[in-house]
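Biologist: I would like a close look at one part of this model. Please take a single residue, place it in the fold, and then work outward from there.

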Amino acid sequence: MAGAETRKHWGLVSGWITAAMLLQLATDWLYEVVFVFGSMAQLAWFALGGVLAIALLIQRIWRPALVLLAVGAGLLFSPLPQWGGWLWFRLSFEMHRPSYEAVLEDVATLPDSGEIRSMRYWIERGPPARIAFPQPTGVTDNWSAVVHDPSDAVLTARGWGVGGGGDFTVREDLQSLWGGDLLSCTRITGHWHRCWFT
């Protein structure tokens with residue numbers, strides 16, 4: 001009987017840890033799908049873990065309780081959300097890449113903004129012509145986009161106030177692309193970049 005009880009406790013702890021890790025990996029996906037409710041689901045799951053740990057401690061079931069507390073605390077500071085965010089974004093980029101490239105191929109004949117294959121785009125004629133594909137995530141006036149920049153000049157955007165100053169790091173002629181203030185960009189592949197605006 002004691003063995004069955006022990007297996008039940010370890011099963012609960014293992015199930016909670018597995019679900020918590022998956023929720024951490026899915027942070028960006030949850031945000032995109034259900035916005036702030038994804039964060040609420042994560043908080044609720046961590047609260048449930050706390051209740052489970054307290055219940056185990058009250059019953060003096062030490063090892064599963066301590067493992068649950070240690071792993072739960074570790075997950076709060078783990079890189080899983082960043083890893084999951086990178087993976088989700090990369091999968092999304094590859095899935096939508098044919099639509100991005102269709103716009104790129106016809107950039108000379110397209111209007112400055114529009115939609116192709118359910119993908120919104122905005123064009124800055126330049127030269128060179130730069131194309132932004134706004135992403136569904138963002139809060140108020142903060143937004144992100146997949147950007148094609150044949151000059152890669154958007155990579156000069158490395159944040160706001162970096163190095164102690166209170167200024168944008170991007171070149172002045174690129175600061176107000178597509179009506180937003182360009183904050184930072186990272187390379188995805190080739191001349192494709194992921195950029196954040198405010």
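Modeller: Start with Gln 135, which sits in the loop between strand S3 (130-134) and strand S4 (143-148). A caution before going further: this is a predicted model. Is Gln 135 buried or exposed? Its relative accessible area is 12%, so Gln 135 counts as buried; the cut-off for that class is under 20%.

What does the side chain of Gln 135 pair with? It makes a polar contact of 3.5 Å with the side chain of Tyr 100. Other neighbours are in touch too. With residues up to four places away in sequence set aside, Gln 135 touches Phe 89, Ser 92, Tyr 100, Ser 144, Ala 145 and Val 146. Helix H5 spans residues 80-105.

Now move back along the chain to Phe 133. Leaving out residues up to four places away in sequence, Phe 133 touches Tyr 100, Val 103, Met 119, Arg 120, Tyr 121, Ser 144, Ala 145, Val 146 and Trp 192. Tyr 100 is thus a contact of Phe 133 and also of Gln 135.

Phe 133 belongs to the largest nonpolar core, which has 16 residues. Within this core, Tyr 121, Phe 133 and Val 146 touch the most other members. Two or more residues each come from helix H5 (80-105), strand S2 (119-124) and S3. H5 gives the largest share, five residues. There is also a second, separate core. It holds 15 residues, including Val 170, Leu 174, Leu 182 and Cys 185. As a general point, nonpolar side chains in soluble globular proteins tend to be buried together.

Strand S3 also carries Arg 130. Is Arg 130 buried or exposed? At 7% relative accessibility, Arg 130 is buried. Its side chain has a polar partner: a contact of 3.1 Å joins it to the side chain of Ser 151. The wider surroundings of Arg 130, apart from neighbours within four places in sequence, are Trp 122, Ile 123, Glu 124, His 148, Asp 149, Ser 151, Ala 153, Val 154, Arg 171, Leu 174, Leu 177 and Trp 178. One of these, Leu 174, is a member of the second core.

Next comes Asp 152, in the loop between S4 and strand S5 (182-189). Its phi is positive, about 60 degrees, although Asp 152 is not a glycine. Most residues other than glycine have a negative phi. Asp 152 is buried, at 18% relative accessibility.

Arg 60 makes a useful comparison. It too has a positive phi of about 60 degrees without being a glycine. Arg 60 lies in the loop between H3 and H4. Its relative accessibility is 64%, so Arg 60 counts as exposed.

On one side of that loop is helix H3 (residues 36-58), which contains Leu 57. Leu 57 is partly exposed, with a relative accessible area of 29%. Beyond the residues up to four places away, Leu 57 touches Trp 62, Ala 65 and Leu 69.

On the other side is helix H4 (residues 62-76), with 15 residues. At 1.5 Å a residue these should span 21 Å, and the end C-alpha atoms are 21 Å apart, which agrees. Which residues of H4 are buried? They are Pro 64, Ala 65, Leu 68, Gly 72 and Leu 75. Seen down the axis of H4, these buried residues fall within an arc of 100 degrees, so they line one face of the helix. The general geometry is simple: an α-helix has 3.6 residues a turn, so residues three or four places apart point the same way.

Arg 63 is also in helix H4. It is exposed, with a relative accessible area of 67%. Arg 63 and Trp 10 are 53 residues apart in sequence, yet their C-alpha atoms are 9.0 Å apart in space.

Finally, the whole chain. It has five helices and six strands. From the N terminus the order is α-α-α-α-α-β-β-β-β-β-β. Of its 198 residues, 35% are buried. Among contacts with a separation of 6 or more, 50% join residues 24 or more positions apart. The chain exposes about 11300 Å², and carbon and sulfur atoms supply 63% of that area.

Methods: Residues are numbered from 1 along each chain as its sequence is written. This is a predicted model: local features need pLDDT of at least 70, side-chain atom pairs count only at pLDDT 80 or more; totals for chains, interfaces and linings use all residues. Side-chain values use heavy atoms; hydrogens and water are left out. Helices (H or I, at least four residues) and strands (E, at least two) are DSSP runs, numbered from the N terminus. Buried means under 20% relative accessible area, exposed over 50%, partly exposed in between (1.4 Å probe, protein chains only). Contact means heavy atoms within 4.5 Å. Accessible areas come from the Shrake-Rupley method with a 1.4 Å probe; for residues, only the protein chains shown count as cover. A polar contact is a pair of N or O atoms within 3.5 Å; within protein, one must be able to donate a hydrogen and the other to accept it, and residues adjacent in sequence count only if both atoms are side-chain atoms. The expected span of a helix is 1.5 Å times one less than its number of residues. The arc is that of the directions from the helix axis to the C-beta atoms. A nonpolar core is a set of buried Ala, Val, Leu, Ile, Met, Phe, Trp, Tyr and Cys residues joined through side-chain atoms within 4.5 Å.
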